[in-house]
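Biologist: Hey, got a minute to walk me through this one? I'd like to start with the inside and then move on to the charged pairs.

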Amino acid sequence: GELVRRAASTVGDCELHLLGSYRRGAALCGDADCILFLPAGCRTPPKHVLARVLAALSESGAAEVSAEAIMSREADEELDGCATWSGAGKVEGWGWMRLDIKVYTLEARPMAMMYFGSGESFNRAIRRYAMGAPRALEMLRRHLTTHAAEVPPGAQITGWKLDDRALLPVGRLARDQVWEAPWALRKVCDSEQDLFRALGLAYVPYIMRPLVQAGA
């Protein structure tokens, strides 16, 4: 984490978190999952920030990075996008180990922290819950009361789509066409606690999330 933090300091005041098994308090970690959030108001696309971080790591000898590897992992051009890189990093006292680095905007922090810090079973369970649990649907209808004019006529709202960047309403149109709300209709959350509240759930600490099984 410190290697990435020093490299990130070359591009500004980014917020760094170590996620995955480390975040969940596992006794052993086979790799390092690092996530960087850009400062509020940053207008530099995440992929450009990631390229500069990788360049700094490569110059210091802390990671083996090729230009091709960076380019193949570029994210979209939008400022609300994200960028990801997987490779090898050199950690003093440990040698080489797998290193994953992700860069997101600050607004995506609650969703990205949940997505990459919770484990597969918990993520599956909460995404399934968001897509149709009665309490989640009730919270969704409340959210849409202030956006009714932006919902297509006749749309049947079926649930939330939760991923690593946003919480978005989804539904069905005529002839079973899938409708996904435009970015402007996303539910903006200030924290993970706020994200849980948006779904009508009590907050679950990281250390308890491995106990949640899919379908529980």
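Modeller: Here's a quick chat about cores, one histidine and some salt bridges. This is a predicted model, where local features need pLDDT of at least 70 and side-chain atom pairs count only at pLDDT 80 or more, while totals for chains, interfaces and linings use all residues. Residues are numbered from 1 along each chain as its sequence is written, and side-chain values use heavy atoms, leaving out hydrogens and water.

Biologist: Cool. How many residues are in the largest nonpolar core?

Modeller: It has 27 residues, and Ile126, Trp160 and Leu162 are among those with the most contacts inside it. A nonpolar core here is a set of buried Ala, Val, Leu, Ile, Met, Phe, Trp, Tyr and Cys residues joined through side-chain atoms within 4.5 Å. Buried means under 20% relative accessible area, exposed is over 50%, and partly exposed is in between (1.4 Å probe, protein chains only).

Biologist: Which helices and strands supply at least two residues of this core?

Modeller: α5, α6, α7, β5, β6 and α8 each do. Helices (H or I, at least four residues) and strands (E, at least two) are DSSP runs, numbered from the N terminus. There's also a second, separate core of 20 residues, including Cys14 and Leu38.

Biologist: New topic: is His17 buried or exposed?

Modeller: His17 is buried, at 17% relative accessible area. His17 sits in strand β1, and its side chain makes a polar contact with the side chain of Glu15 at 2.6 Å. For a polar contact, we want a pair of N or O atoms within 3.5 Å; within protein, one must be able to donate a hydrogen and the other to accept it, and residues adjacent in sequence count only if both atoms are side-chain atoms.

Biologist: And what does Glu15 meet in a salt bridge?

Modeller: Arg109, at 2.7 Å, N to O. Glu15 is in strand β1 and Arg109 in helix α5, so the pair ties together parts that are 94 residues apart in sequence. A salt bridge means a side-chain nitrogen of Lys or Arg within 4 Å of a carboxyl oxygen of Asp or Glu.

Biologist: How many salt bridges does that rule give?

Modeller: The count is 8. One of them joins the side chains of Arg209 and Glu192 at 3.0 Å, N to O. Arg209 is buried, with 0% relative accessible area, and Glu192 is buried too, at 8%.

Biologist: Which residues do salt bridges with shared partners join into one network?

Modeller: Arg135, Glu138 and Arg142.
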